Every structure is written in structure tokens, then in C-alpha cells.
Number of protein chains: 2
Amino acid sequence: MTKERLYLFDTTLRDGAQTSGIDFSVNEKIVITELLERLGVDYIEGGYPGANPGDTEFFGEKRTKQALFTAFGMTKRVGRSASNDPGLQQVLASRSDACCFVAKAWDYHVEIALGCTNEENLDSIHDTVSATIAAGKEALIDCEHFFDGFKANPDYALDCARTAYQAGARWVVLCDTNGGTLPDEIYHIVTRVQEVVPGAHLGIHTHDDTGHAVANSLAAVDAGVRQIQGTLNGLGERCGNANLITLIPTLKLKNAFSSRFEIGVSEEQLKDVTSISHAFDEILNRSPDRQAPYVGETAFATKAGIHASAILKDPKTYEHVAPEVVGNQRRVLVSDQAGKSNLMGELARVGIEVDKSDPNLDRLLALVKEREAEGYAYEAADASFELLARRELGEVPRYFDVNSFKVMVERRFNAIGDLITVSEAVVKVDIDGETRMSVAEGNGPVNALDMALRKDLGKYQTAIEGLELIDYKVRILNGGTGAVTRVLIESHDTKTQRRWFTIGVSPNIVDASFQALVDSITFALLKADLA
Amino acid sequence: MTKERLYLFDTTLRDGAQTSGIDFSVNEKIVITELLERLGVDYIEGGYPGANPGDTEFFGEKRTKQALFTAFGMTKRVGRSASNDPGLQQVLASRSDACCFVAKAWDYHVEIALGCTNEENLDSIHDTVSATIAAGKEALIDCEHFFDGFKANPDYALDCARTAYQAGARWVVLCDTNGGTLPDEIYHIVTRVQEVVPGAHLGIHTHDDTGHAVANSLAAVDAGVRQIQGTLNGLGERCGNANLITLIPTLKLKNAFSSRFEIGVSEEQLKDVTSISHAFDEILNRSPDRQAPYVGETAFATKAGIHASAILKDPKTYEHVAPEVVGNQRRVLVSDQAGKSNLMGELARVGIEVDKSDPNLDRLLALVKEREAEGYAYEAADASFELLARRELGEVPRYFDVNSFKVMVERRFNAIGDLITVSEAVVKVDIDGETRMSVAEGNGPVNALDMALRKDLGKYQTAIEGLELIDYKVRILNGGTGAVTRVLIESHDTKTQRRWFTIGVSPNIVDASFQALVDSITFALLKADLA
């Protein structure tokens, strides 16, 4: 049986840009377009030329090599001709291959938002499609509020879809604009729409307001649509759009879809999906979702317990797909009950090869167990784990020693009578037998300590130039004031774009922070050595 | 038409505890149980008594008032009787109302993991259910790998389900353990299972490995199951379990479900769902997902653009549900009315009655908004919220003033050559115009400050005798060392058994801790006054 082609339409740069707190620069749009081409989507909707200077500039050049470069716009205004609508003309004049115009498909909105007749809106859809084709571009119509519109007035919603199709639109896209439609409704309504537009010309555009953006997209495909609109990591207004990073592996790997459909993403490209997803989060400057389907850090992680030993025997029976095919990794978490084979798996993951019979391995295992009993959680601190392991295997140079520090926090009235709090730290660092003393102020004791520590590391200073502390978490274990404090620090190197986590445990929060800070700097130096 | 009852089974404390990086203390389990009872779930699975000391301690008392308190365990071991299986007996001996036992339902796992015959596994299911009923408890069987098992050997999977049901299990729960099953398969397999077990006795347990945990749960309900297992905020192993916080609003608000089913969550409780979701994230010490369906900060946010003005005209046409019904807020239109009635609800919750026309209410609302913009999260700190509110309403005496403190942390070699870290705090407290100066050591700066603060409060000393700090959480908002630190402190009074949360926000962690400590002491004094 020949497989049908299913098309992927990415709207990260358009609907994704509607996300609260997101504002792409032209340069970011260029980088994201490259990521999308690596992924293998068919359409890249780059923005709305004419709506703002950035989008206009972005569409001043053709930005894609493989994918159809798509401009977004609104259908022709009522009361003037297509050639006389400057907004429409600007979209058509952009260096795009295709244009996707949003049209009202709910009669209530035609009346309230456009203030025109239903017939005038249909004319606008028709003329916009004709003008697009006349401009030598592929035409797409996004039918806004299609599902809510269909429920209110099915005939009119169908009229809109039919008009777009009959005017020559390559795709008529059914949008669940408010995101409140459930999969069954999507399926039934899409089935009805095919009385007027063939499925091969229908697209689906969903939002995640009930957690069904992915399920709704696939329900629509089941019902007959052949184009899916979505975004990287489900970016998008409110709760986000359909997540292409989740959809693509399902389309490629799940028999219900892979046996019937072909998409533009190859097996090789599928292996890149985890890396593309994480790279996109880097651009957004946010931590990747650890629990994301397929690509999350813990998507293939199993905590030592009833499943862990079985997974080592036969991973297939405890994994719905193999992590390698999406470029992810199995993680049997190093924790309390970690056995030697877990440990070896974790070592291999951080790039340490060691023979199973190496006696250091037993010592390391005992040490990990001892540390975890004290409160260390190496599953959350890869860099501290790697340092611990490499130290036991005798590989980490002693770059510097800090034998004493002093941190002071004082709250008092200043000279002009304001209540202020000041923090100051002094550290003594020994490097190659020479003692260096640094002092720094910070907006808190840990910040002051961090500043003082990194102020003068002599010959190592250049290696830590790009280092920054990007997150800091504290947890009290066992509860109570007498308990142990666990500090987790996330660091980032602006030069290598590497991120890592280190950990410190102590009854004293400053001491625990100090351990994690020293581990973080040591890890940066080690990676610079290895590079 | 009478609505059918649909039951909600929460497994946050059991399957949720399998999440990488999660490790609940007994105290956290108690607090989460209270949240779950506020939410209105029917079953609270609290853990696995006997598997670790924490779970055993947790099940030493009955912890629920409304929900059935449920213990998790494994079915009887093959080769011994139920009465002779100490693991099983420990689960049955716990102070639970119901016991949920996981059983293999895939013949491959019976062979590989249990190493027994298919028949022996069925006997084990049967005897476990019988022993549970004989112990006077409700019996549930989790059929592990049910869907994968069904695909491999449908007859045996059905045998397992039938055996559990015929032995008297109240619920036979179909588990998609690996999380790879899609909604259509769930629907069809659940339909088949009803040939051997009535839907009124079937439950569904899904994971989010393809982003379908919620959709799969609802597909199973459509097909006939009447119990849904899930977790708060979709916590759980790998990509997480079905998210009850997403499911509950859909079940209550979407006609496809609300017209057919009733759940144990009232309309009033539904209004609490956003606050419960956020409070749970605070307990986990992580930022709430801004894009979470229904409860996310941006779930009802619209960026200024093509929708914003229309939303102001008629929100219903751009919102699939009204944000108020789930206790969330529209973010375009900052509705003071909605804000004020939310606030009155919160005040009523902490026992403050105030007239709607009271002008102090507007001032308090403005203050809360201002504070929350700075990083305060009053949802997670009832005591600080109550103090803020009572202060604005003019009711909190100024018990004491602390205008200066000094905290010092020093790491150095001591007289016998050991590396030690010492913390010391000095505070000056003014009470009735008299200054008292105290100094104390602690195992960290916050502990030292806490000790010094509570050392001599003069006439108030007896009122704070039973006070203890039982948990301390720190979070950096906005990331980076230059950002703001939020400290949450949980306090406990051993005399009254009261527990409360206070909050402090500052760029300086010691300052933020100080605010939360002072609030905690003030709250204790206020409650002693009111008592």
C-alpha cells in the first residue's frame, strides 16, 4: 500500500511569537528557521510582513532552502479590492513562497469583529485566494474559530471552507482558535467538512487549552486532514499550539500512523529531534521541560525500584520506543539502590569508559551510596557526579584549594537612615602554593561568595570567563532546623553554551552552596582541559 | 437523565513519588494529602507501606477525612500463602481504607519477572483480593502493562482482569505502564475488556509518553471505565501520569462529560483548582508551568494583537471556559471585580469576614498585586497572607521590632586542625521601648538568626515556646545571582499542633529568611492573642 503524504506546517515564528513573554529578533528568526529546516518541516510560517518592522525585514529575503517560506496575513478588507488593500499587497509582495491568510469562519465574528455581511466575508476569502494565486504563490486559508463557528452555524462555516477551496486554495486550515474542542468533536466535524473540501486539502490548527492539542491534531488526521500546524516545543498563545516535537515521533514511530503516512522528516532527522528541541529552549533561554514526551531528560528515566532491574534485562518491555531513535538516552537513575550495572550505564553516559572488573568501581559505588545516604542526589547533578567519578578514577587535577572563607550579612540603618542589608565575603585561594585573597560584596551571602571565589583564580581566569550561575535551589532534608541543607546550582557557560548542575550538602547552607560553587568552577576547568 | 458517578483516584504520593528528583518527606505527604482533600478526589494512594520507613510511618495513622486512604502493594508472592507473605501483610495491616495491588497482566512479564506460570499469577491475584476483603478493606488491582499485554496475548490479559473482578475487587485498573498506547487503541481495548468486567468496575491509569495521558483517560471513560487515576500537575515517572488538574475542569465544564458524569469535586472546589496546583508546585519547590491548561499563568492571557480588543468586547467568544470557574484570571482585562471577589474568597478561607464595600479591601487588593509582582506567592503562605490582610484591616499589634542583625559564617581550621564552619547571629529586638540584644550560634546563618531571634522575646517568650521551624524552602525567581530570592518557611507549634507557612522575598537570602521568620513568630503571637 502506498503511503499518503502528511504535511507539517510550522508556525513557531508566527503563532509561537504570540506567546506571553516571547519576542523574537530577526536574528533569532533566522536561527530558528535553520533549526526547522534541520527538523524537516514542509512549511515555515515566518510572521506577518507589514505588521511590524522585524517581520517586514525578515520577509525582505527568502529565508528557507527546503521548506515553503510562508507569510501570514489577514484576508482582504471589505469595501475595497484586493489590489487596493495595502496590508494584503504587502503580504503578497514579501519574498515568500506561500501566503496563509486568516479568515473569519464564525458568523458571529463576521458581524461583531468585521461588521460586514456573511456574503461580503465570503467574497473577501475568494478574492484573497485569487490574488495570492495571481501573485504566483501558494494560497492557504486559516479558518479562524472554525469548530466553534461550525457548532454555532455549520452551514456558514462550511461556506467559508468551500469558498476558499473553490477559489483555489491549496490548503483550507481548520483552526480551533480558542482551544476548547475535544478530539471526538474534531473527528466528527472534520468528517462533515469533507463533504465540501477533500481531506487532501484540509489542515488542522489546534491549541492546548484542555491538554488535547496533540490528540486533536491526530484525531483530525484520522478523520482525513493531511496538514498539521504546530510549533517547536508547543510554543504559542495561552497554553500553546500543537507540539511538533511530540507529534513527529508519534507519526514516525507509531504503527497506527507510520503504516499509513509519510512525512518529510527522515529517520536521520528524527534522531535530531531531542537536540533540536533543547537548542530551541536555549534560544528562548529557558530550561527544557524534563518530562517532555520523547525528548525530555526523564522521558526514558526509571527510578531504581520495581522496574529498574527488569529494564536492564530487556529495555523493550519497559519502553514504548527506543530512546536512540529520537536521539534521547535511557537513564536508570543513580540512586540509593544503584547497582554496579546502573553505575556503569551512568558513567558511559557522561563519557567515562571503565572495565567492569575495575576495583575502583566498587569503591565508587560504595562512595555514591554513602553520599546519597547523606543527602546528595546525583541524579539531579550530573557535573558533581562526573567529578566524583573522575576523582575516584584519579583523573581530576587539584586546580585550587579554598581552605577558609568568611561571609558576613548585616542589616542596619545606613548614614541616611535607610534600613539596608549588606553581604560581604572574603576567600583565601591557594593555587600552585601561592595564596590569593579576594573580597567581594553581593546581594546575598552566596552571591558574595560566588563573586569572591571567581574574582581571582590566576591562570584559570580565562577558562571561567563565560561562567554564570543561572539557577540556585535549596532544600532542607528531613525537615527541622537541625537538618541537612541540599543546594543545587545550575551553571551555564556563555562561550560553550554548556549547562551543568552541581550539588552541595551540609547542615550549613553557606557551606553547601560553597561545595556546589567549587564543583561548578572545577567542572568548567575540567571541561576546558578536556576540550 | 441521572448522571453516572466517575471516581478520581490520586496517585501523586505513590506513582508521583517515582518522579526523578522527587522524594517526599512524611510531613510533605501530610500537607499534600490536605491539598488533595481540598480538591475532592475520591481515593488518595499514599505510598507503599513496608517499602521504606517513610511510607510505613505515613500509614501508621489514617490520614484522610473524606477520601479513601489507599495503600499500594504487590500481589502475593508465588509459593507462599497470603497469610505467609510479610510484604502483603504489612500493606493489609496499614491504617488504610483500601489497598491497591499491582499485578502482572502480560504473560511475558509473568514469565520473565515473576518466573512463575500464568495460572500461579492468576491465583496470586485471586488470593490477594480475597485477603484484602477478609481484612475489611476495599480491594483494587492495578493490571500492569495491560494494553501491551492485551496486544501480545488478549486472552491472558482478560483472564487477569476477570480473576480480579470475580475475586471481588471493587476496581480493576487498566494500566498503560509504558505510556505508548494511543487513544483509539485505548478505546477499542477497553470496549473488549467489558466483555469480562463491567465498566462500573474498571479504572484507567495512563502515562504521558506520547502526550496523550489526558486524552487516553477520557477515551477510556468514553469506552466505559468509571475510575481515573492521575496525579497533581501530572507528576509521575518519565513524562508523568495523567494530570488531574487538567482532567477535572474538562470533566466539570465540557458538556461531552459534564452532561453524563458527576465527580466528587464541587463547583466551589473547582474554583480552588488553580490555587491547589500552584501550592503543590511550591511544595515541590518549582515554578508552576505558565502554559498549563486551565491553571497556567498565561492560560487566559492574550497578547495585545488581533484578539485583545475583541476579548474586551466579549470574552466568551475568545475563551473556551471562563477563567473564574477554575480560580484563574483573564490577563488582558484586569478585572477588579473578579480580583475583589477572589480576594474575599481568600479572606474567608483564613477566617476574615469583611464587607464587600469596605474601602480597605481595594487597598489590600492593590497591595497584594504589588507584592505578587515583586515575587511574593501568598497562595503558598497562608500565615503571611493573613498577617498582611489583618494589618491592612488594622488588627495586628506591633509586638516587637528588629531593626538590626548581623550574621557571620566562617570556614576555617580549628585549634585541632579540622576544617569547620561556624555561624553566629546577633539581633537587637525592641519590645515596649526596651532593647534586648541576643547572640546565638546555629548550624547555618538562618538557623543562627532563628535561634537569636527567639532567644529572648521578654513577655512573649512563653507564647513561642512550642514554636519550631519544620521546613525551609528557597527559590530564585528570574534565575541568576542578581535575581530575587523567595523563602518559604513552614512552622509548627508543638503545643497547639498548628502548622503555618510564611514567606519572605528579597535579593538577599538572609533578608528574605528574616522576613519569613519574623512573620512566623508574629503569627504565633497573634494566634496566642486570639486564642
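Contact means heavy atoms within 4.5 Å, and the exercises below begin from that criterion. This is a predicted model in which local features need pLDDT of at least 70 and side-chain atom pairs count only at pLDDT 80 or more, whereas totals for chains, interfaces and linings use all residues. Residues are numbered from 1 along each chain as its sequence is written, chains are lettered from A and ligands numbered from 1 in the order in which they are written, and side-chain values use heavy atoms, with hydrogens and water left out.

**Exercise 1. Describe chain A as a whole, from its contacts to its charges.**

Step 1. Among the contacts in chain A with a separation of 6 or more, 66% are between residues 24 or more positions apart.

Step 2. The C-alpha trace spans about 85 × 70 × 45 Å along its principal axes, and the secondary structure comes to 19 helices and 18 strands, where helices (H or I, at least four residues) and strands (E, at least two) are DSSP runs numbered from the N terminus.

Step 3. Of the 531 residues in chain A, 59% are buried; buried means under 20% relative accessible area, exposed over 50%, and partly exposed in between, with a 1.4 Å probe and protein chains only.

Step 4. The 55 positive and 77 negative charges of chain A have mean positions 3 Å apart, with Lys and Arg counted as positive, Asp and Glu as negative, and His and the chain ends not counted; the place of a charge is NZ of Lys, CZ of Arg, CG of Asp or CD of Glu.

**Exercise 2. Determine which elements cover helix H13 of chain B.**

Step 1. Helix H13 (residues 273-283) of chain B is mostly covered, with 11 of its 11 residues buried; among them are B:Val273, B:His278, B:Phe280 and B:Asp281.

Step 2. The cover of these buried residues includes helices H1 (26-39), H10 (244-253) and H12 (267-270), together with strands S14 (467-477) and S15 (484-493), of chain B.

Step 3. After H13(B) comes B:Asn285, which has a positive phi, near 60°.

**Exercise 3. Compare the surroundings of two loop residues, B:Thr231 and A:Ser96.**

Step 1. B:Thr231 sits in the loop between strand S9 (227-230) and H10 of chain B, and counts as buried because its relative accessibility is 0%.

Step 2. Apart from residues up to four places away in sequence, B:Thr231 touches several residues, including B:Asp10, B:Gly16, B:Asn241 and B:Leu244.

Step 3. A:Ser96 belongs to the loop between helix H3 (86-93) and strand S5 (98-104) of chain A, and at 8% relative accessibility A:Ser96 is also classed as buried.

Step 4. With neighbours within four places in sequence left aside, the contacts of A:Ser96 include A:Phe59, A:Phe69, A:Val91 and A:Lys137.

**Exercise 4. Place three salt bridges by the burial of their residues.**

Step 1. A salt bridge is a side-chain nitrogen of Lys or Arg within 4 Å of a carboxyl oxygen of Asp or Glu, and a search of the whole structure finds 68 of them over all chains.

Step 2. A:Arg499 and A:Glu490 form a salt bridge at 3.2 Å, N to O, in which A:Glu490 is buried because its relative accessibility is 5%.

Step 3. B:Arg436 pairs with B:Glu434 at 3.8 Å, N to O; B:Arg436 is partly exposed at 21% relative accessible area, and B:Glu434 is partly exposed at 44%.

Step 4. B:Lys473 and B:Asp471 meet in a salt bridge at 3.7 Å, N to O, and both B:Lys473 and B:Asp471 are buried.
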